[in-house]
Amino acid sequence: MKAFPFALVAASLVAAPALAQPQIGQPAPNFRALDVNGRAVSLSDFRGKTVVLEWNNPECPFVRKHYNSGNMQKTQAAARKDGVVWLSINSSAEGKQGHMDAAKAKAVIAAQKAQPTAYLLDPTGAVGKGYDAKTTPHMYIINPRGTLVYMGGIDDKPTPNPADINGARNHVLAALSELKAGKPVSVPTSRPYGCNVKYKDS
Amino acid sequence: MTRLLLWSALILSVLLPAPAASAQATEPRHIATQLIAETDTPTAGSIVSLAIHMTPEPGWHGYWKNPGDSGIEPSVQWTLPRGAAAGPLEYPVPGRLIVGGLMNYVYEGPYALLLKLKVPDGLAPGTPLPIRGKFDYLVCTKEVCVPESADLALDLSVGAPGTPPTRRAAFDRFYQALPKPLSSEARFQWEGGRFRLFVPLPDSMAVEEPYFFPLTDGAIDYAAQQKVTRNGDALIIETQAGAQQPSSVEGVLRLRDGYGLSLTARPGVVSAGGPDAPGQGAFAILAALAGAILGGLLLNVMPCVFPILSLKALSLAKAGGDEAGARKEALAYTAGAVAVCLALGAAVLALRAGGTAAGWAFQLQDPRVILLLLLLVTAIALNLAGLFELPSIGLGGGLASAGGWSGAFWTGALAAFVATPCTGPFMAAALGAALLLPLPAALAVFAGLGLGLALPFLILGFVPAARRRLPKPGPWMNRLRHILSVPMFLTALGLAWVLGRQSGVDGMTIGLAAALLLGLTLWWVGRRQGEGRFWLRLAPAAAAVAACLMFLPLGNEGQATASSPLAGEAFSEARLAALRGEGRPVFAYFTADWCITCKVNEKGVLQREEVSRAFSEHKVAVLVGDWTGGDAAIGRFLESQGRSGVPLYIYYAPGKAPEVLPQLLTVSRVVSLTQEDS
């Protein structure tokens with residue numbers, strides 16, 4: 001039981017994208033990681049669909065702002081209703097804040113009533129570094145052709161205060177509705193805000 | 001079982017409401033915050049300094065205005081008495097903390113955020129001034145982050161005028177920790193994934209681990225290494241560019257721990273600081289090179305160069321139709337001009353690298369070089385005038401008169417050497433750029449100068465058609481020679497003047513005596529033209545010249561240091577008041593080691609003899625305020641003058657309102673000050 005995650009961790013390391021900053025308009029780097037059910041998930045599995053990546057650390061106050069208020073779940077539901085794939089990714093390293101094994105993660109997802117397509121565990125930080133993910137939350141949107149079309153914050157009110165969600169521009173919802181209408185994403189980048197991703201000390 | 005308990009605890013903690021201000025107030029905080037004022041009794045209508053004093057718990061840190069890769073900027077919402085207004089928060093120079101490869105700009109020890117509060121006008125002393133603020137900030141360890149909120153409260157009351165601030169010493173310390181505004185303009189280049197920042201900083205300013213903290217997001221990759229190069233008066237920071245090209249870049253340049261300069265950089269061309277970045281800023285190098293070639297071309301019509309060149313043209317004309325000979329001469333001449341320009345350029349660069357503030361034409365700062373030039377030019381002029389002939393050799397003077405290859409080479413060398421004083425005004429920009437370029441590029445620019453100078457001859461040598469346009473040799477050549485001796489004599493006159501400026505009347509007299517001696521010797525040589533080995537007869541003259549060089553007073557350096565107006569007293573408002581009370585005129589200036597404008601003014605104007613003479617004649621007292629360390633008393637004085645930094649120059653004529661001078665001084669402006677009141 002203990003050996004198998006290690007093997008897959010090693011596999012995900014091998015499959016890790018090269019360290020290059022992702023760029024808007026360029027192909028999004030492929031990756032492979034385990035989800036909470038022990039299933040290997042690759043970005044390339046979702047060719048032809050719009051994919052949202054959400055960096056997650058359930059203990060980060062900025063993540064809690066969006067989950068405890070229900071804002072992130074609402075965004076996930078709206079996205080998935082339109083057939084969008086939502087991948088939550090946890091890059092907290094072992095021993096760091098927000099690090100969970102699969103069972104713990106499942107329990108947290110259930111308690112939060114979160115609705116990602118898959119919740120991926122990235123304890124080596126390979127996926128996170130490949131996307132240059134800096135904060136939790138940090139959001140990315142990849143169009144059906146595999147091109148990166150948005151990266152940045154969840155919205156434009158960089159505070160930990162849930163009261164600021166009302167009146168903020170939800171960059172992800174806005175981008176998804178523009179994509180659905182066949183329009184280019186009007187705000188393709190924004191400054192992400194939140195806690196730093198708890199990568200392992202290098 | 002314990003695992004299960006831990007899970008439930010985690011899930012509970014995740015499900016707890018996000019911390020809101022009300023919930024926070026009861027929890028212990030990781031940063032103790034305290035709002036304090038420089039004085040609790042500010043006068044009506046005044047501006048009082050407030051500080052939010054922050055004391056993080058050990059292991060915790062607060063964030064700078066730009067938090068870096070993660071974190072958030074602190075914010076405060078003020079509730080103030082009617083008519084009061086709070087300025088923006090001012091941040092001390094932050095530190096760096098890299099966690100898991102992500103950059104954080106933080107404060108790990110106690111620090112103070114400062115702001116100015118405008119007290120409403122027209123309030124009676126004793127009126128209460130309740131200051132309230134809701135202060136939100138993020139505090140983190142390397143592991144966790146906690147958003148905290150503090151209710152700031154401070155009760156001031158309007159005081160009677162004249163009460164001194166009670167917490168001046170503490171606030172002086174706070175203000176000292178703020179970055180000082182850089183007085184000169186910084187530039188940045190954001191290109192090809194690289195970001196280069198140029199900051200003018202005197203090379204005498206010592207720095208330890210400089211680092212650029214950007215306020216503009218997206219300009220640079222925060223976690224990337226910053227490579228720092230110093231090259232003369234330039235500090236260049238190169239690092240990986242960020243995601244978005246900015247139109248201007250604001251930030252703080254840390255010079256050492258807790259000490260830095262705030263700056264705004266405009267887009268521009270910044271060459272790589274070191275020689276290990278080939279291919280960078282190729283356009284800048286090409287532009288400088290083109291400027292240098294054009295400048296060199298222009299030099300051909302300068303009075304100090306023209307005669308030499310005309311000589312060369314004449315000799316080319318004499319060479320007639322000999323194709324190969326003309327080409328050889330043109331090439332040799334070019335080689336001479338380029339070699340001398342390269343040698344001078346290399347010497348400038350070497351001197352700069354060694355820390356001397358050498359500029360172009362630096363060799364003319366040495367009176368011995370001036371004397372040699374004076375004698376050389378005199379000899380050429382006398383030769384042109386026909387006092388003596390060098391028949392076996394042809395036209396020209398000295399080594400430059402040797403025929404063929406070597407003659408052409410030395411003519412080019414001489415032209416380049418003599419031309420340098422003329423280059424200054426035309427070439428200052430291109431050569432200034434050259435000093436900041438990587439070594440090979442800088443040398444290329446100097447070589448370009450030589451090439452430009454030689455260009456007309458290259459054309460004459462290689463284009464027979466151009467050569468055919470030259471008039472046929474004839475008796476007119478002698479007439480032209482005699483006429484051309486006039487600008488050469490004028491050049492000699494100019495050099496004698498320079499010599500006089502440098503080493504006084506004695507030096508100039510020695511120089512003129514040497515020139516006379518040389519003239520007599522040459523005359524004697526000319527009388528015996530045609531006899532063999534006549535160069536030997538020049539030996540006594542050479543000996544005389546050597547003697548002159550030894551006796552020549554080496555500049556008036558001693559004099560300059562003795563009378564340097566910089567030997568003023570340290571500035572204090574009390575001393576200023578005392579001197580003005582005595583009825584003395586006072587010149588007060590404020591400077592800092594990192595301020596390049598200040599250094600330029602000091603070297604170029606304040607240290608000049610005319611200024612010191614004028615000041616001592618009129619008994620002008622000089623007060624110097626050195627703000628290098630951010631002295632708070634000087635900072636307050638600057639502020640009272642409406643300035644945020646240095647330089648500042650003020651002249652206090654007795655019984656008149658103080659006169660603030662422009663930031664760029666001129667000698668005549670400063671000297672004229674002392675004459676206004678006498």
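Start in chain B and pick out strands 1, 2, 8 and 5: in that order, these four strands form an open sheet with antiparallel pairing. One thing to keep in mind as you click around: this is a predicted model.

Which strands sit at the edges? Color strand 1 (31–37) and strand 5 (85–86) of chain B, since the edge strands are these two. Each of them pairs on one side only.

Next, zoom in on the strand 5 end. Select strand 5 of chain B together with strand 8 (residues 111–118) of chain B, and you'll find an antiparallel pairing over two bridges. For a concrete spot to look at, show B:Ala85, which stands opposite B:Lys118 in strand 8 of chain B. If you like drawing hydrogen bonds, turn on the backbone ones, because that is how strands of a sheet pair, either parallel or antiparallel.

Now bring up chain A and head for the interface. Here 27 residues of chain B are in contact with 33 residues of chain A. On the chain B side, the elements giving two or more residues are helix 1 (2–15), strand 7 (102–107) and strand 10 (145–157). Which one gives the most? Select helix 1 of chain B: it tops the list with six residues. Color the chain B side by residue class and you get 17 nonpolar, six polar and four charged.

Finally, zoom out to all of chain B. Cartoon view gives you 18 helices and 23 strands. Of its 678 residues, 42% count as buried. If you plot a contact map, take the chain B contacts between residues at least 6 apart in sequence: 77% of them join residues at least 24 apart.

Definitions and conventions: Residues numbered from 1 in each chain as written. Chains lettered and ligands numbered in written order. Predicted model: local features only at pLDDT ≥ 70, side-chain atom pairs only at ≥ 80, totals over all residues. Buried ≥ 20, exposed ≤ 12 C-beta atoms within 10 Å, placed from the backbone. Contact = placed C-beta atoms within 7 Å. Nonpolar A, V, L, I, M, F, W, Y, C, P; charged D, E, K, R; others polar. Pairing = 2+ DSSP bridges.
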